[in-house]
Amino acid sequence: RYSFKRELFQLWNTITTHCYRHLVQKDRSIWERLMWLLILIVETFALIAILISAWNSFTSNPLITTLHDTLYPIKYVPFPAISLCNNNRISRSAATHYAEELARKDPEKRNVSYFLDQVVLLGKLYDFDYENLHQMTQFQEFLDVNDISNASGMYNAFDTLVKLSPRCEDMLLRCFWKSIELPCMTKNDMIEVRRTQYGFCCTFNFIGHTEDNEIHPSSYYLDVTGPEMGLVLLVNGSVNDYFYNLFNNIGFSVPDITSGGVNEQFIHLGTESFIRVDAITINSEPDVRGYSKEKRQCVFRNELLRYGGRYGRSNCVAACRIRSVVALCECVPFYMPTAGAVSDRSITICNLQHIVCLNKYKIKWSTVITNIVQIPGLEKEMEESLYCPECLPSCSDSKYQISATELPLIRTRRKGFSVTHGIEDVSEVSVVRIFFGQPETWMYKQDVAYYWFEIFSNFGGMCGIMAGLSLISITENVYFILRQFVLIFLSRSKWLQRRQHQRRRNRLVLEMLD
């Protein structure tokens, strides 16, 4: 006859796990069995606590970053995206031409000098500062009526600032890459005009959407190092063309827009600047993609294609900043590229009427955070910052650090190659050399800290030490459970057969009595 108690005691008497055998051995007293039962309970709770702690440790820190290669060839590291921005935001010659154009359209026939003073106000669209709001409002009302774009039928600040900005064709005199002189601004050549947080800049090696919303080609790489073998630019300061100087400094600024404009170097006229670039690369293994972005705290470049062809944190922050400006001020500053950031192509370009709103929130847009951290004393700063939780670092990326030196630029009369060949007055030009400093760099690798077989091995070891569990004991338990189902089924079948047989016997007895 089937007995679950007998089957269970038989299992406990033969199983390889700890303590169970002592609970069913007949020669054990009741006190010994209670002691072993207490030990089994304590052991079980301790094992559960250890397993939970280990699992939390695995899941809270699933990734690990290690130094993989200290001699990683620099030829595999993309050259950083470089922007050359003129500190003079408005060209005097362009401003004079625009003032003459406005004077011709003016019904009141005011002179060119008057409008030249008004054009200075358009420079406030760069820094969002204002002094005479009434004057700004009047000038904007004049532009809305008399400077209408043929395409939209409305005033467009973007078209105006394009005309007023210094031209890259005038700033760049000569361009060299790997000691080979190349055309600077020819279509599809090395340098293009792009909108950046500094305005219209001459940009080299930018990856993402072009100004025509097309995907930019692959980036430039260097397989050699040294000042002569990188990017060499001969730039023209055009001191007499200064009209609206944002930094009160004659020259140029060179931000590294690959890393979000963090690295910035000012270039002074009459100097030769040597900007050395050192890179550190981090590569993530494909297994890292199995974790969520929130867990790995990074984004693979092909995960969010809306940010300029391939993901970059600087592009994501720019898009987040644009969405905030649109939400708060219902416009987009002219220097913010909207490709991949907003879907509405009829969005308004900010003009002088939006200056008050832009000035109110410009501190907010200059500080970006991706996670909220409670730091005592900085609660107000956290509230006033722009929160962009989706703008995580790239999982595979290169970080750049620059170090710059500057020497006076001296005109050379020697025969042969010279960057300043043909320049008589070197006080109004600058030579910029941007290059990698070392042929090798460090490469870090981000990988899964524990693969499934390592976690399985760790858990198996803890279960084996604490409870004597193994695959054999698990198999024994599975076999026991399946055996019970079979025995219950067979026992049930035999009981039904006996019951049917008893019914037939009872029926026969009744028939004989009748």
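1. Cys331 and Cys350 are both buried, and in this predicted model the two residues form a disulfide whose sulfur atoms are 2.0 Å apart. The torsion about the S-S bond of Cys331 and Cys350 is about 90 degrees, so this disulfide is right-handed. The pair links distant parts of the chain, with Cys331 and Cys350 each placed in the loop between H11 and H12 and separated by 19 residues.

2. Which parts of the chain does the disulfide of Cys329 and Cys357 tie together? The sulfur atoms of Cys329 and Cys357 are 2.0 Å apart; Cys329 belongs to helix H11 and Cys357 to helix H12, which covers residues 355-366, so the bond joins parts that are 28 residues apart in sequence. Here the torsion about the S-S bond is about -90 degrees, and the disulfide of Cys329 and Cys357 is therefore left-handed.

3. Are the two ends of that bond, Cys329 and Cys357, buried or exposed? Cys329 has a relative accessible area of 6% and is buried, because that value is under 20%. Cys357, with a relative accessibility of 22%, counts as partly exposed, because partly exposed residues lie between the 20% and 50% limits.

4. The helices H11 and H12 also meet each other directly, and a reader may wish to follow this contact in the structure. Two packed helices are described by the angle between their axes and by the distance between those axes. For H11 and H12, the axes come within 11 Å and cross at roughly 150 degrees, and the crossing is right-handed. On the side of H11 the contact is made by Arg321, Ser324, Val325, Leu328 and Cys329, while H12 contributes Cys357, Leu358, Tyr361, Lys364 and Trp365. Sorted by character, the residues of this contact comprise seven nonpolar, one polar and two charged. Cys329 and Cys357, which form a disulfide, are both among the contact residues.

5. A further disulfide joins Cys320 to Cys388, again with sulfur atoms 2.0 Å apart. Cys320 lies in helix H11 (residues 313-329), whereas Cys388 is found in the loop between strand S14 (386-387) and strand S15 (397-408), so the pair ties together parts that are 68 residues apart in sequence. Both Cys320 and Cys388 are buried. With a torsion of about -90 degrees about the S-S bond, this disulfide is left-handed, so its handedness is given by that angle.

6. How many disulfides does the count come to? With a cut-off of 2.5 Å between cysteine sulfur atoms, the count comes to eight disulfides, including those of Cys331 with Cys350, Cys329 with Cys357 and Cys320 with Cys388.

Notes. Residues numbered from 1 in each chain as written. Predicted model: local features only at pLDDT ≥ 70, side-chain atom pairs only at ≥ 80, totals over all residues. Heavy atoms only, no water. Helix = DSSP H or I, 4+ residues; strand = E, 2+ residues; numbered from the N terminus. Buried < 20%, exposed > 50% of the residue type's maximum accessible area, 1.4 Å probe, protein only. Axes fitted to C-alpha atoms, helices over the stretch in contact; angles between N-to-C directions. Left-handed = near helix turned anticlockwise from the far one by under 90°. Contact = heavy atoms within 4.5 Å. Nonpolar A, V, L, I, M, F, W, Y, C, P; charged D, E, K, R; others polar.
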